[in-house]
Amino acid sequence: MLILPLKTQVIPSGSVPRSPNKLPFHHNVSLTVSLTVGTPPQNVSMVIDTGSELSWLHCNKTLSYPTTFDPTRSTSYQTIPCSSPTCTNRTQDFPIPASCDSNNLCHATLSYADASSSDGNLASDVFHVGSSDISGLVFGCMDSVFSSNSDEDSKSTGLMGMNRGSLSFVSQLGFPKFSYCISGTDFSGLLLLGESNLTWSVPLNYTPLIQISTPLPYFDRVAYTVQLEGIKVLDKLLPIPKSTFEPDHTGAGQTMVDSGTQFTFLLGPAYNALRTAFLNQTSGVLRVLEDPDFVFQGAMDLCYLVPLSQRVLPLLPTVTLVFRGAEMTVSGDRVLYRVPGELRGNDSVHCLSFGNSDLLGVEAYVIGHHHQQNVWMEFDLEKSRIGLAQVRCDLAGQRFGLAL
């Protein structure tokens, strides 16, 4: 079992490649872990992303990316030729297929939400995680060529791909499960690789992972897909037909648990039902921002004005996501999100922390990490299920000896 402290930081958009089905964010608060790579070890910090397969590091030091991994300084670094089975057989689930470069090395391309992209080579090196040394771990050594926000420093060196693809970090390490817990106060947390032996904890409720055997154009087969069955506001189930939550014949409409996305996004019909119910429950309690031109992050169009003098938000209705076998309840100030730097006179702007996937052109439900705060999240790969329990993550960290 390996335990790593998690930190959160604001990462400028454009600094983290997203596969095309990812959501574009201006400032994405990301979960990062620190570790060392190479011989001798170099410090890196990586964004944990359960929605991506290939782990990668910036390998090209530029002024905008001062935190990079230098392969020339590592004696254990090895490039991967394109004739290698790793390149030919294990890259099939990449959003953009691997190719062969002019040096006959395995070449990977990562695409970004803003249509720019980054290229690099597949390579392997030793990763020092906690007290373990993992040699021969395959990752992308990327040239950091980004078109957007190059003037803003990126604080992370790379990304740790945690999905179910053959080259993801967890698949390569062969862990039967991993868990994480994100504190609701300061966003710190812990990532636990392997069996957690959670005897101290509340029991987990499990929801099965959905798998399909036939490839469908819009279905991400290596994502953590669960079955959303309903949405409750104040414990009352909204009148949304079950079929709304079922993927269609193209695979569009799956529900993905994604630690690389900040908020939660629902397809139009489900979002509109939630928006209407929340609006009804808060009328007379909160003042709606009546500005059709303001849509937070392009997908969140229900926002409120809260006086700066008001220290505490009024009691808000809880929103519960009902999965097969488990529920995730969002309560208190996690239901609304204060938009950083947005002021209207003497009011701050707070938006419903659920967005409309349709406005982003994303054909899926995405459960982001904002709503996973103070939830113990266990990804059980062996039994193909996700376990959930409401816990205080700062206390959980203390149990494992981490001073969060």
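## Loops, strands and enclosed spaces in a predicted model

Pro 40 is placed in the loop that runs between strand 2 (27-37) and strand 3. The peptide bond that joins Thr 39 to Pro 40 is cis, with omega at about -5°. The structure described here is a predicted model, and every value below was computed from it.

### The annotated positions

Strand 3 (residues 42-49) also contains Asp 49, and this residue is one of the two that the UniProt record, an unreviewed entry, annotates as "active site", the other being Asp 258. These positions span 210 residues in sequence, yet their C-alpha atoms are no more than 6.8 Å apart, so they gather at one spot. Asp 49 has a relative accessible area of 0% and is therefore buried. Asp 258, by contrast with a strand position, is found in the loop between strand 17 (254-257) and strand 18 (264-266). Is Asp 258 buried or exposed? With a relative accessible area of 5%, which is under the 20% cut-off, Asp 258 is buried. A polar atom of the Asp 258 side chain lies 3.4 Å from the backbone nitrogen of Gly 51.

Another buried position is Ser 179, for which the relative accessibility is 0%. Ser 179 belongs to strand 11 (residues 177-182), and its C-alpha atom is separated by 5.1 Å from that of Leu 192, although the two residues are 13 apart along the chain.

### Strand 15 and its partners

Strand 15 (residues 228-233) is largely enclosed by the rest of the structure, because 5 of its 6 residues are buried. Strand 15 runs antiparallel to strand 21 (residues 319-323), to which it is joined by 5 bridges, and within this pairing Gly 230 has Val 322 of strand 21 as its bridge partner. Strand 15 also pairs with strand 16 (residues 236-237), again in the antiparallel sense, over 2 bridges; here Val 233 has Lys 236 of strand 16 as its bridge partner.

What lies between strand 15 and strand 16 in their hairpin? The hairpin has 2 residues between the strands, and Leu 234 takes a positive phi near 50° there. Asp 235, which is placed in the loop between strand 15 and strand 16, has a phi near 65°, a positive value in a residue other than glycine. With a relative accessible area of 60%, Asp 235 is exposed.

A positive phi in a residue other than glycine is also found at Asn 104, where the value is near 60°. Asn 104 is located in the loop between strand 6 (99-100) and strand 7 (106-111).

The bridge partners named in this report, including one pair from the sheet described next, are set out below.

| Residue | Bridge partner | Strand of the partner |
|---|---|---|
| Gly 230 | Val 322 | strand 21 |
| Val 233 | Lys 236 | strand 16 |
| Arg 287 | Leu 305 | strand 20 |

### An open sheet and a pocket

An open sheet is formed by 4 strands in the order 19-20-24-23, with antiparallel pairing. Strand 19 (287-288) and strand 23 (336-344) are its edge strands, each of which pairs on one side only. Strand 19 and strand 20 run antiparallel and are joined by 2 bridges, and the bridge partner of Arg 287 in strand 20 is Leu 305.

Strands of this sheet also take part in the second largest pocket, since strand 20 (303-307) and strand 24 (347-352) each supply at least two residues of its lining. This pocket has a volume of about 260 Å³. Of the 15 residues that line the pocket, Gln 310, Arg 311, Val 312, Leu 313 and His 350 lie nearest its centre. By class, the lining of the second largest pocket comprises 8 nonpolar, 4 polar and 3 charged residues.

### Enclosed cavities

Rolling a probe the size of a water molecule over the atoms shows where empty space is left. Across the whole structure, the search finds 2 cavities of 30 Å³ or more, and the second largest cavity has a volume of about 30 Å³. Which residues line the second largest cavity? Its lining is made up of Thr 207, Val 226, Val 257, Phe 323, Met 328, Met 377, Ile 386 and Leu 388. These residues divide into 7 nonpolar and 1 polar, with no charged residue.

How values were computed: Residues numbered from 1 in each chain as written. Predicted model: local features only at pLDDT ≥ 70, side-chain atom pairs only at ≥ 80, totals over all residues. Heavy atoms only, no water. UniProt positions renumbered as here; feature names shortened; annotations may be inferred. Buried < 20%, exposed > 50% of the residue type's maximum accessible area, 1.4 Å probe, protein only. Polar contact = N/O pair within 3.5 Å; in protein donor to acceptor, adjacent residues only side chain to side chain. 1 Å grid on protein atoms, 1.4 Å probe; cavity = no way out; pocket = protein on both sides within 12 Å on 5 of 7 lines; lining within 4 Å. Points joined across faces, edges and corners; volume = space filled by probe spheres on them. Nonpolar A, V, L, I, M, F, W, Y, C, P; charged D, E, K, R; others polar. Pairing = 2+ DSSP bridges.
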